[in-house]
Amino acid sequence: MTELIEEYQLLAAFWMTIKLTAYSAVISLVLGTILAIMRVSPVRIFEWVGTTYVTLLRNTPLTLIVLFCSLGLWGQLGIELASRESDTFIVDNGFRLAVLGLSVYHAAFVCEALRSGVNTIPLGQAEAARSIGLTFSQSMTQVILPQAFRGAITPLGNVLIALTKNTTVVAAIGVAETAYRMKAIAEFEPALLMLGFAVVALGFVILTLPMGMLTSYLSARLAVKR
Amino acid sequence: MKRNPFRLMAVLAAGALILSACGSDDGGDDDGGTTAEAGGGGDGLKIGIKFDQPGLGLKDGDNYVGMDVDVARAVAEKMGYSEDDIEFVESPSAQRETMLQAGQVDMIFATYSITDSRKESVQFAGPYFVAGQDLLVAQDSDIAGPDDLDGKILCSVTGSTSAENVKEEVPGVQLQEYGTYSECVEQLANGTIDAVTTDDVILAGFAAQDAFAGKLKVVGAPFSEELYGVGLNQEDDRCEEVNEALTALWEDGTMDQIIEDNVGAAGYTPNPETNPAEAGGHCA
């Protein structure tokens, strides 16, 4: 098993999975929060944009989005996220396009998770915030969002776990993460394929189990007691 | 001792997979089994081909087109099968040995390179064609061989040996990988990448597609030899018969015609040093 891990650089592959997850988690959290604010905002056009984004992205297969980032954005439109002169242009460009694809896709889910958090807050609080003279952005940042995040920890944790596992999709555009290495094992060491499956499955359990436990712990601890 | 639980798990998982494979394919299996036992009778021949390889084996609506398909038809005809007896089945690269061993197909014509490790599980008739690893580039490109690739972007499919070979020879090349060659060729056609590498005849198949007419060319400096054979179950006694049919195809010019029809449109000609291929010597 150790030879398998070394020969196919499975540790590097898992590190890549972690990096993809971390970057995409941060970007999708920011983007998702903006979208959630748009969806609950009183401005109709913002609400409409947020709803359209979520409906479109949530219902599009991730493979399609990731492939579009590579073949469409990079191939057809010539958008490059790394310097072409760089020695690691392909690796960097592929990684960043992958993060972009993962982020825009999961932002839709983050938005919905946050919106469910917003819905846990009694309507009276928003009305009270506005009636004492807070602006929309003040009531959002001071009253609604802090509670919404705390109420949305469980669904956000679910999105994070799904994101971790969904990073395997970016093997389709040649990012050297876990699924990509597994393809190599299937090609060159078919006899060890099942062992490879087991190692990768175990690796993902090691990655996602603490996330699930942390989610449960935090949601119990930080829940808004009403 | 530490590995034992994993082995057990692996065996169990493998067993489950095999069982489920048997279950779902029951109907098809029966047919295949009887055909293999009946030998050269007049009752059907299941041939494994690629369904997604333009110029070689492509499913186009209800029709099958390509070089491998035409060779398969010609061989079957020489062996006394009629057009109606042939049934084409998809045989993806990773499943070819398994399909032959399980009797799901009788023969495989699917850019199937003869290698020693494969000969341990199946036998090969042929080769009927000798391909070589080559580069596909834009029509106006000045890349003439692997040596010109330094600092360029090369594309191949994930986990393929061909790309790794080039990378070892030319460390300065950057490798983009996709799931299929179509995606590589698409990126080449719009100028995002500089070259695609795999067997020359596969590249010629892509270059010959209408969508890429006049845009792409095969460099024509093959730097490896891939012997395309006809995969057969090791128990099959028709191997020499297939060899005779293949030799006859080259002798009467059918083979040249098949190559011209399917992959000739982009100006591709097979490597004259290695073709016509000498069929024989790889039967079990």
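This passage describes the fold of chain A, a small sheet in chain B, the main nonpolar core and the confidence of the predicted model.

The complex is a predicted model, for which the predictor gives an ipTM of 0.77 and a pTM of 0.76. For chain B, the mean pLDDT is 81, and 85% of the residues of this chain reach 70 or more. One segment of chain B, residues 22-42, has pLDDT under 50 throughout. Over these residues the model has 24 contacts beyond four places in sequence.

Chain A contains 10 helices and 0 strands, so that, by the DSSP assignment used, its elements read α-α-α-α-α-α-α-α-α-α from the N terminus on. Along the principal axes, the C-alpha atoms of chain A fill a box of roughly 65 × 45 × 30 Å. The chain has 226 residues, of which 37% count as buried. When contacts in chain A are restricted to residues at least 6 apart in sequence, 76% of them join residues at least 24 apart.

In chain B, strands S2, S3 and S4 form an open sheet with the order S2-S3-S4 and antiparallel pairing. Strand S2 (52-53) and strand S4 (63-65) of chain B are the edge strands, each pairing on one side only. S2(B) is joined to strand S3 (residues 57-60) of chain B by 2 bridges, and the two strands run antiparallel. Within this pair, the residue opposite B:Asp52 is B:Leu58 in S3(B).

The largest nonpolar core comprises 131 residues. The members that touch the most other members are A:Ala98, A:Val170, B:Leu136 and B:Ala207. Helix H5 (residues 89-119) of chain A gives the most to this core, contributing 16 residues. From chain B, the core draws at least three residues from domain 1 (29-131 + 226-266) and at least three from domain 2 (133-218).

The surroundings of B:Ala207 can be described further. With neighbours within four places in sequence left aside, B:Ala207 is in contact with B:Leu136, itself among the core residues that touch the most other members. The other contacts of B:Ala207 are B:Phe212, B:Leu216, B:Lys217, B:Val218, B:Ala266 and B:Tyr268.

Key. Residues numbered from 1 in each chain as written. Chains lettered and ligands numbered in written order. Predicted model: local features only at pLDDT ≥ 70, side-chain atom pairs only at ≥ 80, totals over all residues. Helix = DSSP H or I, 4+ residues; strand = E, 2+ residues; numbered from the N terminus. Buried ≥ 20, exposed ≤ 12 C-beta atoms within 10 Å, placed from the backbone. Contact = placed C-beta atoms within 7 Å. Pairing = 2+ DSSP bridges. pLDDT = per-residue confidence, 0-100. Core = buried A, V, L, I, M, F, W, Y, C linked by C-beta atoms within 7 Å. Domains from an automatic or database assignment.
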